[in-house]
Amino acid sequence: MTHFTFYDKQAILSLTRMRRFETKLGERVQVPGNMKELDASLRESSAKFVLFGVPEDIGVKANGGIGGAGTAWEPFLRSFLNIQSNDFLDGRDVLVLGHFDFSEIQRLIDSNAHDPEEQLLAYRHAVNLVDQEVEQLVHIITQNRKLPIVIGGGHNNAYPCIKGAAKGWYKAGIIGIAQINAINMDAHADYRPAEGRHSGNAFRYAEEDGYLEKYCVIGLHENYITQNTWMDMVNNPFLDCITFEDIFIHEKRNFVQAVAHATGFTEDTLCGIELDMDSIEYALSSAASPMGITPRQARQYIHYASMRTRPAYLHICEGAAKLDDGRSDATTGQLISYLVSDFVKGILSQLD
């Protein structure tokens, strides 16, 4: 993992606004004890969750999208570390590991590509490197029986999350085969053809490579799924989806029923929990939309999924504090912080 930056306690405290008579999460979270011996650090840590960031735009740009997904990690982390540590959420349950930095790769592509087509191909090639490093880290975390919380970055990172978690939980003896399920709150299926890696085909690659067994998308927008992808999904008994229109326009089932259907469909083994920020109305992302679930429903989804599945990991992606086209939103990091805290609380409530 040559592109990973590990955090020490001083790095965490530099982002924490300490105040008398209060205890912030940043004062309590754990950090790796020995960065050169990550396996040993994870084994020795009492934390149940390991948090890290993948702030990159490579996968989004490889899909022809608007850059900006790399800007959400830092504002999220600042917000998360300044949550109150209390009876509802104790910072000691979370180990903040660090973040990846692939900015030099992106800079080299941008400065050396001769034309847009060459740039696109270079980005798709570079996603393979991102895949390798993210997969390796998720594998290490899960083989030590810790739950990864991954903040992106593009939805391309679902593939290394699935692959790394499947291999890691298998090595840990938790599952009998290196294969897991996934549920995804998303306006898009991200099941496009395997035309080269990008943010729109992570689940296709994970399934074809044998690491993804069942996959269910909640809130899929009918206007933005290609016909060939739709046919591939409806003809595969291991894939399922509930469209946004079926929930909120046709009202065939309500929101909670839709989430319950997805958790029931994937309950037979460990399940990756995915949330693409473009599923939330007006949330800033590469594919921001005025139509989507509310932030409150996003929190309900995370809470319900954390309690009704056997989580393999949590992956929140595509959010942006600032997009390359100039749009910005100062609340993106705080919204992601709410979602992460909901996940942690949901898991811990079952252990009490």
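**Group meeting: loops, core and rings**

Let me start at G153, which is found in the loop between β4, residues 147-152, and α8, residues 158-171. I should say at once that what you have in front of you is a predicted model, and everything I describe should be heard with that in mind. The reason for beginning at this loop is the backbone: the peptide bond that runs from G152 to G153 is cis, with omega near 10°.

Two other loop residues deserve a look for their backbone angles. R145, found in the loop between α7 and β4, has a positive phi of about 60° although it is not a glycine. E251 also has a positive phi, near 55°, and is likewise a residue other than glycine; E251 lies in the loop between α11, residues 244-248, and α12, residues 255-265. Are these two residues buried or exposed? R145 counts as exposed, at 53% relative accessibility, and E251 is exposed as well, with a relative accessible area of 62%.

Turning to the interior, the largest nonpolar core has 105 residues, and the ones with the most contacts inside it are L51, F52, L275 and Y301. The largest share of this core, nine residues, is contributed by helix α7, which covers residues 116-143. As general background, nonpolar side chains in soluble globular proteins tend to be buried together.

F52 is a useful residue from which to look around this core. Leaving aside residues up to four places away in sequence, F52 touches F4, W73, L97, G98, F100, L137, V138, I141, I149, V150 and I151. F49 lies in strand β2, residues 49-54, and is buried, with a relative accessible area of 0%. With the same sequence neighbours set aside, the contacts of F49 are D93, V94, L95, L147, I149, F343, V344, I347 and L348. For a sense of scale, F49 and A260 are 211 residues apart in sequence and 24 Å apart in space, taken from C-alpha to C-alpha.

Y301, which I named among the core residues with the most contacts, is also one of the buried residues of helix α13, a set made up of Q297, A298, Y301, I302, Y304, A305 and S306. This helix covers residues 295-308, has 14 residues, and reaches 20 Å from its first C-alpha to its last, which is close to the 20 Å expected at 1.5 Å a residue.

Now to the aromatic rings. How many aromatic pairs does a search of the whole structure find? The search finds 12 aromatic pairs. One of them joins W73 and F76 in a tilted arrangement, at 5.6 Å centre to centre and with 45° between the planes. These two residues are three apart in helix α5, residues 73-81, and are therefore separated by about one helical turn. In general, an α-helix has 3.6 residues a turn, so residues three or four places apart point the same way. W73 counts as buried at 4% relative accessibility, and F76 counts as buried at 0%.

A second pair, F100 with F102, has ring centres 5.4 Å apart and planes at 10°, so the pair is stacked. F100 is buried at 1% relative accessibility, and F102 is buried at 2%. Ring pairs also link F4, F6, F52, F100 and F102 into a cluster, and within that group F4 and F100 are among the residues that F52 touches.

Two rings have a charged side chain over them. The charged end of R197 sits over the ring of Y205, 5.4 Å from its centre, while K214 lies over the face of F265, at 5.4 Å from the ring centre.

Let me finish with the cysteines. Why does the count of disulfides come to zero? A disulfide needs a pair of cysteine sulfur atoms within 2.5 Å. For C161, the closest cysteine sulfur is in C317, at 8.8 Å, which is too far for a bond. For C271, the closest is in C216, at 9.0 Å, again too far for a bond. Both of the cysteines I started from lie in the interior: C161 counts as buried, at 0% relative accessibility, and C271 is buried, with a relative accessible area of 0%.

Technical notes
Residues are numbered from 1 along each chain as its sequence is written. This is a predicted model: local features need pLDDT of at least 70, side-chain atom pairs count only at pLDDT 80 or more; totals for chains, interfaces and linings use all residues. Side-chain values use heavy atoms; hydrogens and water are left out. Buried means under 20% relative accessible area, exposed over 50%, partly exposed in between (1.4 Å probe, protein chains only). A nonpolar core is a set of buried Ala, Val, Leu, Ile, Met, Phe, Trp, Tyr and Cys residues joined through side-chain atoms within 4.5 Å. Helices (H or I, at least four residues) and strands (E, at least two) are DSSP runs, numbered from the N terminus. Contact means heavy atoms within 4.5 Å. The expected span of a helix is 1.5 Å times one less than its number of residues. Rings of Phe, Tyr and Trp (its six-membered ring) pair if their centres lie within 6.5 Å; planes under 30 degrees apart count as stacked, over 60 as edge-to-face and the rest as tilted. A charge sits over a ring if NZ of Lys or CZ of Arg is within 6 Å of the ring centre and within 35 degrees of the ring normal.
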